[in-house]
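Okay, thanks everyone for coming. Let's put the structure up and walk through a few side chains together.

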Amino acid sequence: MTTRLADIAAQAGVSEATVSRVLNGKPGVAATTRQSVLAALDVLGYERPVRLRQRSEGLVGLITPELENPIFPALAQVIGQALTRQGYTPVLATQTPGGSTEDELTEMLVDRGVAGIIYVSGLHADTNADMQRYERLRAQGVPFVLVDGFSPKVQAPFISPDDRAAMALAVTHLASLGHTRIGLALGPKRFVPVQRKMEGFVRAVQEQSGLSAETVEAELIQHSLYTLEGGQAAASALMDRDCTAVVCASDMMALGAIRAARQRGLEVPDDISVVGFDDSPLIAFTDPPLTTVRKPVPAMGQAAVRTLLEEIGGTPAPHSEFVFMPELVVRGSTASAPGERNRP
């Protein structure tokens, strides 16, 4: 017990006596100090004494499209931890092909009396989807926040990365390495993040090369699926058009692009450079380590929770879009363009 007190005291930056007072529920400890001690307990993996466990403020639903892409579990973890810290119990609901739809999961969560719902990459990102479903949810009095996607038809807070800026970062990096034939591999055109990435990519390539928007779209952009196989197919098509670098709309697609290059006997990055998007967990340890545009997952997840809790508390955030700036992370999958390397 003494060892445990010392550990907690060191972690919280307080005395062992203070830790003891908090654990025993004694008065005379400032609220911030008490919170620091409880946070130290959580960080060190100790269970809180029963009397100190926070009563659940209620359930909050989190609906994600799938968990195979590691960016979704990463975002779910940030959101889940932030909700737990605020006393809420997160309920993760995942769509599966041929399984539960977003509407069915929403109905299930509403039936269980959730205090609110956070949607990640849901139908709000699909320009072909009927947005009335969200207005019906609002009419039921259920607060919600929408992550990764935008529709002017929905009165709700949106949380997004700056997809246009992400493409500018990637293209500028590759152009600085001497690449003049840069391709973009991304998902189906009907999704808002895809459209925004296209806009950012076209603008950035035009600035670097002077090509017309029509030429960039026709020759340097390839739509596919947001999967490893989708990235492989898209990158293969772009390599057929003499691209020496490929920007991918997800890290999974980027891994597919690397596979496509190797199937042709090409080396990454010596023969072709590849840039991903997300900076998913473990992506730094691929072969080669992937250069990628890091999605600001911690900031986005925390903002989604903060915004939802304001909605639940009756002081709603503005019904507009909160946009977070991504960051370029340069690793080993990008290098000078093949023709540039031998120049003096």
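So, a bit of bookkeeping before the first stop: the expected span of a helix is 1.5 Å times one less than its number of residues. Helices (H or I, at least four residues) and strands (E, at least two) are DSSP runs, numbered from the N terminus. What you see is a predicted model, where local features need pLDDT of at least 70, side-chain atom pairs count only at pLDDT 80 or more, and totals for chains, interfaces and linings use all residues. Residues are numbered from 1 along each chain as its sequence is written, and side-chain values use heavy atoms, with hydrogens and water left out.

Let's start with helix H3, residues 31–44. With 14 residues at 1.5 Å a residue, H3 should span 20 Å, and its end C-alpha atoms are indeed 20 Å apart, so the two agree. Which residues of H3 are buried, meaning under 20% relative accessible area (exposed is over 50%, partly exposed in between, with a 1.4 Å probe and protein chains only)? They're Val 37, Leu 38, Ala 40 and Leu 41. Look down the axis of H3 and those buried residues fall within an arc of 150 degrees, so they line one face of the helix; the arc is taken from the directions from the helix axis to the C-beta atoms. Turned away from the buried side of H3, you'll find the exposed residues Ala 31, Thr 32 and Val 43. After H3 comes Gly 45, with a positive phi near 85 degrees.

Now the rings. Rings of Phe, Tyr and Trp (its six-membered ring) pair if their centres lie within 6.5 Å; planes under 30 degrees apart are stacked, over 60 edge-to-face, and the rest tilted. How many aromatic pairs does the structure hold? There are 4 of them. In one, Tyr 134 and Phe 144 have ring centres 5.9 Å apart and planes at 35 degrees, so the pair is tilted. Tyr 134 is in helix H6 (residues 132–139) and Phe 144 in strand S4 (residues 144–147), so this pair ties together parts 10 residues apart in sequence. Tyr 134 is buried at 1% relative accessibility, and Phe 144 is buried at 0%.

Then there's Phe 150 with Phe 158: centres 4.7 Å apart, planes at 65 degrees, so edge-to-face. Phe 150 is partly exposed at 27%, while Phe 158 is buried at 1%.

And back to Tyr 134 and Phe 144: together with Tyr 119 they form one aromatic cluster.
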